[in-house]
Amino acid sequence: MLLVRFVAIALALGAPSFAQTELAPAVDATPDLQTQVTPEVVSAEIIRERLAGLSETEQAAKALYEEALQRLDRAAKSAEAAAALRAEAENAPQRLQTIREELSRSPAVPTPDIPADATLVQLEQGEAEAIARLTAARQTESQLQNETTRRQERRTQIQDSLPQRRQDLTLVEEAMAASPPADADPALTIARRTSLLAEQRELRARIDELEAERASYDARRDLLPARRDRAVRAVAEAEQLVTAWRELVTARRQLEAERAARDAERLRREAARRAPPLQP
């Protein structure tokens with residue numbers, strides 16, 4: 001009865017045979033439980049439904065389904081990362097053209113934007129904001145200076161990782177093509193095949209992500225030096241702006257110090273005039 005129940009579950013999902021899908025290798029045409037679990041059937045929603053239907057004694061199947069959920073989550077993240085990397089590669093030529101046009105123009109001479117009635121506190125705040133922008137600009141420049149080394153290291157890591165990932169994928173697909181033992185527990189057979197399909201999806205997505213990352217570095221090779229040049233210019237402009245604000249703050253502090261000294265001297269003289277004359 002258990003065998004019939006799991007066959008009915010798989011057939012009710014309306015999944016085509018495993019040999020007809022593009023994500024899995026061909027298997028024996030025998031319509032057994034294994035061929036009913038196809039890539040189309042492997043989704044987080046369906047796996048959670050199967051987990052909910054397991055009894056407390058089916059711990060092995062539960063562990064396989066939970067592992068499959070984790071693999072599907074990692075596969076989705078790899079697919080998202082690969083899409084972002086391809087978008088970066090596609091946009092690289094336009095970004096490079098924009099930066100080159102920007103660098104072809106003469107550097108701007110930054111000047112503080114000061115209200116006519118600015119107080120010393122406002123000037124000090126403007127100086128602090130300019131210093132914060134300079135710190136950020138220097139951080140960006142430092143990151144871009146280190147990016148070349150980081151990319152070279154990542155290329156080596158990708159080159160070393162891809163063959164192992166492809167070998168892992170081959171082993172998984174060979175395991176998927178193998179028929180389960182005749183006396184295998186039907187519930188465990190379905191869970192094991194679900195886990196293998198999730199692992200296949202994860203490996204393919206990870207391989208695609210690594211290949212997209214490597215291609216992205218190639219597409220953005222000329223963009224990195226241009227970004228570094230722009231960052232260097234941004235630091236220079238930020239330094240000039242900090243200097244300008246600092247001079248304003250220093251001048252205002254000196255002015256207010258002189259004004260305070262004059263006021264103190266005036267008050268001293270007024271107090272001296274109001275004081276009674278000394279008695280002989």
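## Cores, a long helix and a buried arginine

Of the 24 residues in the largest nonpolar core, those touching the most other members are V42, I47, L51 and Y65. Four helices, α3, α4, α5 and α6, each supply at least two residues of this core. The most comes from α6, with nine residues. The model is predicted.

In soluble globular proteins, nonpolar side chains tend to be buried together.

Y65 has contacts beyond its sequence neighbours. Not counting residues up to four places away, Y65 touches I47, R50, L51, L54, A187, I190, A191 and T194. Another core lies apart from the largest one. This other core has twelve residues, including A130, L134, V235 and A238.

Next comes helix α4. This helix covers residues 59-104, 46 residues in total. At 1.5 Å a residue, α4 should span 68 Å, and its end C-alpha atoms are 66 Å apart, so the two values agree. There is a kink in α4 of about 45° at A92, shortly before the proline P93.

A92 is also a contact of R220. Where does R220 lie? R220 sits in the loop between α6 and α7. Is R220 buried or exposed? Its relative accessible area is 8%, under the 20% cut-off, so R220 is buried. The side chains of R220 and S216 are joined by a polar contact of 2.8 Å. Leaving aside neighbours within four places in sequence, R220 is in contact with E88, A92 and R151.

The table gives the residue ranges of some helices.

| Helix | Residues |
|---|---|
| α3 | 44-52 |
| α4 | 59-104 |
| α5 | 120-177 |
| α6 | 186-219 |
| α7 | 223-274 |

Technical notes
Residues are numbered from 1 along each chain as its sequence is written. This is a predicted model: local features need pLDDT of at least 70, side-chain atom pairs count only at pLDDT 80 or more; totals for chains, interfaces and linings use all residues. Side-chain values use heavy atoms; hydrogens and water are left out. The expected span of a helix is 1.5 Å times one less than its number of residues. The bend at a residue is the angle between axes fitted to the seven residues ending there and the seven starting there. A nonpolar core is a set of buried Ala, Val, Leu, Ile, Met, Phe, Trp, Tyr and Cys residues joined through side-chain atoms within 4.5 Å. Buried means under 20% relative accessible area, exposed over 50%, partly exposed in between (1.4 Å probe, protein chains only). Contact means heavy atoms within 4.5 Å. A polar contact is a pair of N or O atoms within 3.5 Å; within protein, one must be able to donate a hydrogen and the other to accept it, and residues adjacent in sequence count only if both atoms are side-chain atoms.
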